[in-house]
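Colleague: I am new to this structure and would like a close look at a single part of it. Please take one helix and its surroundings, and then go on to the other features.

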Amino acid sequence: MMLAHETTVGKARQAHPVDVHVGGRVRLRRVFLGYSQEKLANALGLTFQQIQKYERGANRISASKLYELSRILSVPVTYFFEGVESDGEVAANGADAAAGGAGAIHSSDPDFTNQRETLQLISSYYRIPDSKVRAEVLSLLKTLGRTSEG
């Protein structure tokens, strides 16, 4: 008699889209705060390699680690799931979701939001202490970003 878990022995597990999204949100917040993977790992009592695996979605983050991450990164636990959308009903058990619904789950975040340059820009912008200077920088960026269509 073969058990269900024996059927996947020897096959690499493909990362679930929600695990990838949650990991991306961890990375987004970590980089925004200027934390290295090593600094975050030390705060969690892990290795930086484990943080890398979390951020790629290669390893799932347990509920307790997600809670710890929310406290360390100063965000509510729900932050990690913002932007995850499900087309239609997702079944309550993982088997049905993995069989049919997993492909329907996706992130609504555009790809540029996870780029290091974007995160550095946002982080630097909000570190400008003077709100008037921030407004001027924003105006300059909007001007520079305009296309020559007008």
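Modeller: What follows starts with one helix and then moves to a second helix, a surface patch and the aromatic pairs. Keep in mind throughout that this is a predicted model.

The part to look at closely is helix α1, which covers residues 17-33. At 1.5 Å a residue, its 17 residues should span 24 Å, and the C-alpha atoms at its ends are indeed 24 Å apart, so the expected and modelled lengths agree. Of those 17 residues, twelve are buried, so α1 is largely enclosed by the rest of the structure. Buried here means under 20% relative accessible area. Among the buried residues are the nonpolar Val-18, Val-22, Val-26, Leu-28 and Val-31. The buried set also includes Asp-19, His-21, Arg-25, Arg-29 and Arg-30, together with the glycines Gly-23 and Gly-24. After α1 comes Gly-34, which has a positive phi, near 80 degrees.

Helix α7 offers another view. It runs over residues 131-145 and gives three residues to a nonpolar patch, the most of any contributor. The patch lies on the surface and is formed by Leu-121, Leu-140, Leu-141 and Leu-144, with about 400 Å² of accessible area together. An α-helix has 3.6 residues a turn, so residues three or four places apart point the same way. Leu-141 is found in α7, and its relative accessibility of 38% makes it count as partly exposed. Thr-143 is found in α7 too. With a relative accessible area of 43%, Thr-143 is partly exposed. Its side chain reaches back to the backbone oxygen of Ser-139, at 2.9 Å.

The aromatic rings come last. The structure holds two aromatic pairs. In one, the ring centres of Tyr-79 and Phe-80 are 5.4 Å apart and the planes are at 80 degrees, so the pair is edge-to-face. Both Tyr-79 and Phe-80 are buried. The other pair, Tyr-125 with Tyr-126, is edge-to-face as well, at 5.0 Å centre to centre and 85 degrees between the planes. How does burial stand for Tyr-125, buried or exposed? Its relative accessibility is 18%, so Tyr-125 counts as buried. Tyr-126, in turn, has a relative accessible area of 54% and is therefore exposed.

Notes. Residues are numbered from 1 along each chain as its sequence is written. This is a predicted model: local features need pLDDT of at least 70, side-chain atom pairs count only at pLDDT 80 or more; totals for chains, interfaces and linings use all residues. Side-chain values use heavy atoms; hydrogens and water are left out. Helices (H or I, at least four residues) and strands (E, at least two) are DSSP runs, numbered from the N terminus. The expected span of a helix is 1.5 Å times one less than its number of residues. Buried means under 20% relative accessible area, exposed over 50%, partly exposed in between (1.4 Å probe, protein chains only). Patches are made of residues with over 30% relative accessible area and no salt bridge: like charges are joined within 9 Å, nonpolar side chains (Val, Leu, Ile, Met, Phe, Trp, Tyr) within 5 Å. Accessible areas come from the Shrake-Rupley method with a 1.4 Å probe; for residues, only the protein chains shown count as cover. A salt bridge is a side-chain nitrogen of Lys or Arg within 4 Å of a carboxyl oxygen of Asp or Glu. A polar contact is a pair of N or O atoms within 3.5 Å; within protein, one must be able to donate a hydrogen and the other to accept it, and residues adjacent in sequence count only if both atoms are side-chain atoms. Rings of Phe, Tyr and Trp (its six-membered ring) pair if their centres lie within 6.5 Å; planes under 30 degrees apart count as stacked, over 60 as edge-to-face and the rest as tilted.
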